Amino acid sequence: NGRKWKVPKFTVDAIEYNTEDLNEQAQKTYQSLQYTMLQLKKMETEVEIYKVAHKALADELRKELAKNE
């Protein structure tokens, strides 16, 4: 269909690499690095969600405590 696929590239220490040029071990390490980066991003999102929940619960507790004063 005439489409050309772009080879994923990445940069380490200001040097650009093509993933297709990596040896087998470097490919595995690169894939592991990508996976860990994705997991970190998910965890950062979860932390933000927990921060919002924490604030909401603390606010709710303050309201309940104010009723007893």
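**Salt bridges and overall form of the chain**

The side chains of Arg 62 and Asp 59 meet in a salt bridge, with a nitrogen-to-oxygen distance of 3.0 Å. The structure described here is a predicted model, and the values reported below were computed from its atoms. Side chains of opposite charge can pair when their charged atoms come close. Because Arg 62 and Asp 59 stand three residues apart in helix 1, they are separated by about one helical turn. With regard to the surroundings of this pair, Arg 62 counts as exposed because its relative accessibility of 54% lies over the 50% cut-off, whereas Asp 59, at 27% relative accessibility, counts as partly exposed.

Asp 59 has a further partner in Lys 55, with which a salt bridge is formed whose closest N and O atoms are 2.9 Å apart. Both Lys 55 and Asp 59 belong to helix 1, which covers residues 24-67, and they are four residues apart, or about one turn of the helix. Lys 55 is exposed, its relative accessibility being 51%. Taken together, Lys 55, Asp 59 and Arg 62 are linked in a network of salt bridges.

Another salt bridge joins the side chains of Lys 67 and Glu 64, where the distance from N to O is 3.1 Å. Lys 67 and Glu 64 also both lie in helix 1, three residues apart, which again corresponds to about one turn of the helix. Lys 67 is exposed, with a relative accessible area of 60%, while Glu 64 is partly exposed at 39% relative accessibility. For the structure as a whole, the count comes to six salt bridges, and the pairs described above, including Lys 55 with Asp 59, are examples. In terms of charge, the chain carries 12 positive and 12 negative side chains, and the centres of these two sets lie 6 Å apart.

The secondary structure of the chain consists of one helix and two strands, and, read from the N terminus, these elements follow the order β-β-α. The radius of gyration of the chain is 23 Å, which is well over the 11 Å that the globule rule gives for 69 residues, so the chain is more spread out than a compact globule. Along the principal axes, the C-alpha atoms fill a box of roughly 70 × 35 × 20 Å. Of the 69 residues in the chain, 6% count as buried. The accessible surface of the chain amounts to about 6,900 Å², and carbon and sulfur atoms account for 57% of this area.

The loop between strand 1 (9-12) and strand 2 (15-18) contains Asp 13, and Ala 14 is likewise placed in the loop between these strands. Most residues other than glycine have a negative phi. Asp 13, however, has a phi near 50 degrees, which is a positive value in a residue other than glycine. Ala 14 also has a positive phi, of about 65 degrees, although it is not a glycine. As for their accessibility, Asp 13 counts as exposed because its relative accessibility of 72% is over the 50% cut-off, and Ala 14 counts as exposed at 76% relative accessibility.

A nonpolar patch on the surface is formed by Val 12, Ile 15 and Tyr 17, which together have about 240 Å² of accessible area. Among the members of this patch, Tyr 17 is found in strand 2, and its relative accessible area of 32% makes Tyr 17 partly exposed. A separation between this part of the chain and the helix can be given for Ile 15 and His 54, which are 39 residues apart along the chain and whose C-alpha atoms are separated by 43 Å. His 54 lies in helix 1 and is exposed, with a relative accessible area of 59%.

Definitions and conventions. Residues numbered from 1 in each chain as written. Predicted model: local features only at pLDDT ≥ 70, side-chain atom pairs only at ≥ 80, totals over all residues. Heavy atoms only, no water. Salt bridge = Lys/Arg side-chain N within 4 Å of Asp/Glu carboxyl O. Buried < 20%, exposed > 50% of the residue type's maximum accessible area, 1.4 Å probe, protein only. Rg over C-alpha atoms; globule rule 2.2 N^0.38 Å. Areas by Shrake-Rupley, 256 points an atom, 1.4 Å probe, with all protein chains shown as cover. Lys, Arg positive; Asp, Glu negative; His and termini not counted. Charge placed at Lys NZ, Arg CZ, Asp CG, Glu CD. Patch = residues over 30% accessible without salt bridge, like charges linked within 9 Å, V, L, I, M, F, W, Y side chains within 5 Å.
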